[in-house]
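Open the model in your viewer and keep the sequence panel beside it. This tour goes from one selection to the next and says what is there.

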Amino acid sequence: MKKLKIISIIIGVLLLAALGAGGVFIYHTQQSLNSLNTNKKSVSSKINNGKPFSILLLGADTGTDGRVDRGNSDTMMLLTLNPKTEKTVAYSIPRDALAEMVGDKEKNVQKINAAYNIGLSKMAKSTVGSMLGVPVDYHVAINMEALEKTVDFVGGVTVTSDLKVSFDGITIPKGTHHLNGKQALTYARMRYQDPRGDYGRQIRQQQILKAVVKKLEQPKYLTKLPNLIKDLGSDISTDLTTSQIDQIILKYHSSGKTMDFNQLQGRSAWINGSSYQILPTNTMQQASDKLRNNLGLSTQTLNNTETQLNAKNKTFFENEDDTDYNTFGLDKTFYTNNTY
């Protein structure tokens, strides 16, 4: 039962909506894992060799509101796991953070959640890796409908909301409530009515996952877990192999002993008709240092498109009321209220 406290990575493999706390799913049959959309060939040997590794968790908005296209990554979280130090360090990344789309045909900056839509996981990994100066070894992408299925699987979850949440025709009043899957998805997705914006949504997503993890640790749900994994198979895509998922459970369960979860927070800016989050250079550098340290890598000074633009926008950071941020022509996409 000690392994029930394993790394959040397995939660990410199954759920992803914004991992907020530790916990693990121990699978019971190989057949259930085979239902997942995994890679046949390894993209990195780090897990095979028992070394610290990083993984990008992507919660795509496909599967909600009738969407069937690729979708944007509504949720992004980068985790590093180190079995030697028995520590996991993770950072939630604002979906509206300004970032260079690394690997695109022309150099351009957009909201970071567009990277998955433009170039799938390959571009998302490259974009996040460049922004934070961290090698991104693996990824897990899952559509948001899986969260609804999982909450229903555990018979709903109880959360305490500090504000009224209304979205998609569903209203959840302020206070403590027991939510079914559809209600939980609404609670996890709403952001425009939250004065904290995407940061508030990340907190609510973490609430849902903490509640789910707590219930999944109960034996009555663990014994039925293979059925859930099979049901979510089509909702999950990862470049991990099934063998590597096996090895994570065997070699990395100690990485969950210390869980360090963080949020990258930026400043609001109005660029080309839309609101962005600009991550200060020192914020990105601090995250880079912590993530690299947990990977056993020496720190390095960030020098990327984001830090270079920040250096050219000194007045933006000197004046708290300034919302103008100059991308010097690198922003080529106009966002409307219904875009991303």
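Buried, on this tour, means under 20% relative accessible area. The model is predicted.

**Whole chain**

Start with everything shown. The protein has twelve helices and 14 strands. Of its 340 residues, 56% count as buried. Take the contacts between residues at least 6 apart in sequence: 68% of them join residues at least 24 apart.

Now colour by pLDDT. The average is 80, and 80% of the residues score at least 70. Select residues 1-29: here the pLDDT is below 50, although the stretch has 114 contacts in the model beyond near neighbours in sequence. Select residues 62-71 too. Their pLDDT is also below 50, with 27 contacts counted in that way. Where pLDDT is low, the predicted coordinates should not be read in detail.

**Helix α10**

Select residues 281-294, which make up α10. The helix has 14 residues. From first C-alpha to last it reaches 20 Å, close to the 20 Å expected at 1.5 Å a residue. Show the side chains. Which residues of α10 are buried? They are M284, Q285, A287, S288, L291, R292 and N294. An α-helix has 3.6 residues a turn, so residues three or four places apart point the same way. Step past the end of α10 to G296, whose phi is positive, near 80°.

**The largest nonpolar core**

Next, select L56, L78, I112, V128, M131 and L132. These have the most contacts inside the largest nonpolar core, a set of 29 residues. Colour the elements that each supply at least two residues to this core: β1 (53-60), β2 (73-82), β3 (87-92), α3 (114-132) and α10. Which element gives the most? It is α3, with eight residues. In soluble globular proteins, nonpolar side chains tend to be buried together.

Centre on L132. Leaving aside neighbours within four places in sequence, L132 is in contact with L78, I93, L264, M284, A287, S288, L291 and L302. Several of these names are familiar from the last stop: M284, A287, S288 and L291 are buried residues of α10.

Move to M131, in helix α3. Is M131 buried or exposed? M131 has a relative accessible area of 0%, so it is buried. With the near neighbours in sequence set aside, M131 is in contact with A97, L98, A99, I112, L279, M284, L302, N304 and E306. Draw a line from the C-alpha of M131 to that of L302: the two are 8.0 Å apart in space and 171 residues apart in sequence.

**Strand β3 and its partner**

Select β3. Five of its six residues are buried. Add β12, residues 258-263. The two strands run parallel, joined by six bridges. Find T88, then look across to M259 in β12, which stands opposite. M259 counts as partly exposed, because its relative accessibility is 25%. Finish here with K87: its C-alpha lies 6.1 Å from that of M259, though the two are 172 residues apart along the chain.

**A second core and helix α5**

Hide the first core. Select M144, I170, I172 and L216. They are among the 22 residues of a second, separate core.

Keep I170 shown and add T186, in helix α5 (residues 181-189). T186 touches V165, F167 and I170, not counting residues up to four places away in sequence. T186 counts as buried because its relative accessibility is 4%.

**The aromatic cluster**

Last stop: show the rings. The protein has three aromatic pairs. Select F316 and F317. Their ring centres are 5.1 Å apart and their planes are at 85°, so the pair is edge-to-face. The cut-off for that label is an angle over 60 degrees. F316 has a relative accessible area of 0% and is buried. F317, at 27% relative accessibility, counts as partly exposed.

Now add Y325. F316 and Y325 also form an edge-to-face pair, at 5.3 Å centre to centre and 80° between the planes. Y325 is buried, as is F316. Show the three residues together: ring pairs link F316, F317 and Y325 into a cluster.

Methods
Residues are numbered from 1 along each chain as its sequence is written. Side-chain values use heavy atoms; hydrogens and water are left out. A nonpolar core is a set of buried Ala, Val, Leu, Ile, Met, Phe, Trp, Tyr and Cys residues joined through side-chain atoms within 4.5 Å. Buried means under 20% relative accessible area, exposed over 50%, partly exposed in between (1.4 Å probe, protein chains only). Helices (H or I, at least four residues) and strands (E, at least two) are DSSP runs, numbered from the N terminus. Contact means heavy atoms within 4.5 Å. Two strands pair if DSSP finds at least two bridges between them. pLDDT is the predictor's confidence in each residue, from 0 to 100. The expected span of a helix is 1.5 Å times one less than its number of residues. Rings of Phe, Tyr and Trp (its six-membered ring) pair if their centres lie within 6.5 Å; planes under 30 degrees apart count as stacked, over 60 as edge-to-face and the rest as tilted.
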